[in-house]
Amino acid sequence: MAKNSIRVRYAPSPTGHLHIGNARTAIFNYLFARHNKGKFIIRIEDTDTKRNIADGERSQLENLKWLGLDWDEGPDVGGDYGPYRQSERRDIYTPLIQQLLDEGKAYESYRTEEELQADREAQKARKEMPHYEYEYAGMTEDEKAAAIADAKAKGLKPVIRFRVPKDEVFEWDDMVKGHVSFNSDTIGGDFVIAKRDGMPTYNFAVVVDDHKMAISHVFRGDDHVANTPKQLMIYQAFGWEAPKFGHMSLIISKDTGKKLSKRDESVLQFIEQYRELGYLPEAMFNFILLLGWSPVGEDEIFNRKQFIKMYDETRLSSSPATFDSDKLEWLNNRYVKDADDSTIMDLALKQLIKAGNIPANPDNQTIEWARQLINLYKRQMSYMAQINDMASVFFEEPDQVSGEAFDEINNETAPVVLKEFAAQIEKLDLFDSVEIFHVIKAVQAKTGIKGRQLWMPIRIAVTHEMHGPELPESIELVGRETALQHIHQTLAQLEG
């Protein structure tokens, strides 16, 4: 491998569905690799077995593929630097942990969870920041050995802690944040690198994996900044060169101004949720990319190949990125308008079936009816699930006309229009939008009523709505029998 080869990774934990923030991390790494003709790697960080869920890995990979990402190495495609699941790399970690133990850079710690909690409570009472207090402080080697022997005799299993250097500065030039530095005395004391079951912790495994996989650049969320000095300590302990780091800005909610939290159920935050609502993957890719990165110029809508060509990591913003659901809907609507009809038909049909508005196995006549319906609302929809609410008039028997709609048609001319329109559509041989349009024009010619006073009574009577898509097409989809029924009900209401 050439010394300057670009190799980046996205390393999810299989603990749930793909979050918007994690999808952004994956996309930024992917574009950086593709723009620089480098390698994009997927690595599954599954050492926290208690939090892993069934199908967590499959869900992550499936949703990444849905967004349009592909990778050069990973658990499903293999590669020269595997295995690509941390749970399968234990034989790599164990001797390196032992090396640090042998060199005195790490040690066995027998403090129980209860003792550690008691320490934290005492620190809190003293108004100190929580930190690990060295359990062998002030002991001679013999006393230390006796304490360890006593812990083993009680059947306690140790964690392995890394010995943090005293009063040493760890710093790096962050590709997003600029120069960052930490004093080693501020990170909370000696930290755990291997759990009681022997599995490595995140901060140890990630260093080993990034080194062994020759990762050149690490782009990740701002919440990892505090982990970086710990990882730099481990790089230093082994004499390894660290990759270049870039920590991307926080994503905040437009409504609250606070960090996007998985516990905030007012905002949909998982890619799976947007897939289920019928968003387009190209639009999601575009929207997520704009969370903390901006292209040159005013345009914001590009396809994936264009983004790869123009991607420049120096345009990553250090300011928080605002998650704006309204902008996402607007952007997706733009993609919907430009999408081919077959794509929209397929996605919207699934939504109609899921809502029970058409059968699960529709016949050809129903499919053709649905195609016309979907095409009628295509330009209005921001995502496909909206078809069920937008077109509810075609599935639900409306109540009586009321409110503003009733006020609109409660006049002398509305019954004249409705009676003539009903009489003429009843005689039609072919009930389609073209013939219906001709009928409306004929009603105008016969009654002399035109404009709003002509078409609004027809729309309100047939659909019980004041606004909607093209009127002749809407009436065709309602059907002659239902349209006539609604008109007669409205006339009875007006004349009652």
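Q: What makes β4 and β7 a pair of strands in this predicted model?
A: Two strands count as paired if at least two bridges are found between them. Strand β4, residues 159-162, and β7 are joined by three bridges in the antiparallel sense, so they meet the condition of at least two bridges. Within the pairing, Arg 161 stands opposite Val 192 in β7.

Q: Why are β3 and β7 said to stand at the edges of their sheet?
A: The sheet is open, with its three strands in the order β3-β4-β7 and antiparallel pairing. Strands β3 (106-109) and β7 (191-194) each have a single partner strand, so one side of each has no neighbour in the sheet. On average, neighbouring strands here are turned by 45° against each other, direction ignored. Helix α7, residues 228-238, lies across β4 and β7 and runs at about 60° to β7.

Q: How do you know that β5 and β6 pair?
A: The condition is at least two bridges, and β5 and strand β6 (residues 178-183) have six, in the antiparallel sense. One of the bridge partners is Gly 178 in β6, which faces Asp 174. A hairpin of three residues joins β5 to β6.

Q: Which side chains of β5 are buried, and which are not?
A: In a regular strand the side chains alternate between the two faces of the sheet. Strand β5, residues 169-174, has this alternation: Phe 170, Trp 172 and Asp 174 point to one face and are buried. Val 169, Glu 171 and Asp 173 point to the other face and are not buried.

Q: Why is Val 336 called buried?
A: Buried means under 20% relative accessible area. Val 336 has a value of 0%, so the residue is called buried. Val 336 is found in helix α11, residues 325-338. Leaving aside residues up to four places away in sequence, Val 336 touches Leu 280, Ile 344, Lys 378, Met 381, Ser 382 and Met 384. The C-alpha atoms of Val 336 and Ala 283 are separated by 8.8 Å, although these positions lie 53 residues apart in the count along the chain.

Q: How do you know that the span of α13 is close to the expected one?
A: Helix α13, residues 364-377, has 14 residues. The expected span is 1.5 Å times one less than the number of residues, which is given as 20 Å for α13. From its first C-alpha to its last, α13 reaches 20 Å, close to that expectation.

Q: What puts the buried residues of α13 on the same side?
A: The buried residues are Ala 370, Leu 373, Ile 374, Leu 376 and Tyr 377. They cover an arc of only 155° around the axis, and therefore lie on the same side of α13. The face turned away from this buried side carries the exposed residues Asn 364 and Gln 365. What covers the buried residues includes α12 (341-354), α14 (386-390) and α19 (471-478).

Q: What makes one side of α5 the buried side?
A: Helix α5, residues 141-153, has 13 residues and reaches 18 Å, close to the 18 Å expected. Lys 144, Ile 148 and Ala 151 are buried in α5. They cover an arc of only 60° around the axis, which puts them on the same side of α5. The buried residues of α5 pack against β3, whereas Asp 142 and Ala 153 are exposed on the other side. Just after α5, Gly 155 takes a positive phi of about 80°.

Notes: Residues are numbered from 1 along each chain as its sequence is written. This is a predicted model: local features need pLDDT of at least 70, side-chain atom pairs count only at pLDDT 80 or more; totals for chains, interfaces and linings use all residues. Side-chain values use heavy atoms; hydrogens and water are left out. Helices (H or I, at least four residues) and strands (E, at least two) are DSSP runs, numbered from the N terminus. Buried means under 20% relative accessible area, exposed over 50%, partly exposed in between (1.4 Å probe, protein chains only). The arc is that of the directions from the helix axis to the C-beta atoms. Contact means heavy atoms within 4.5 Å. Axes are lines fitted to C-alpha atoms, for helices over the stretch in contact, and angles run from 0 to 180 degrees between N-to-C directions.
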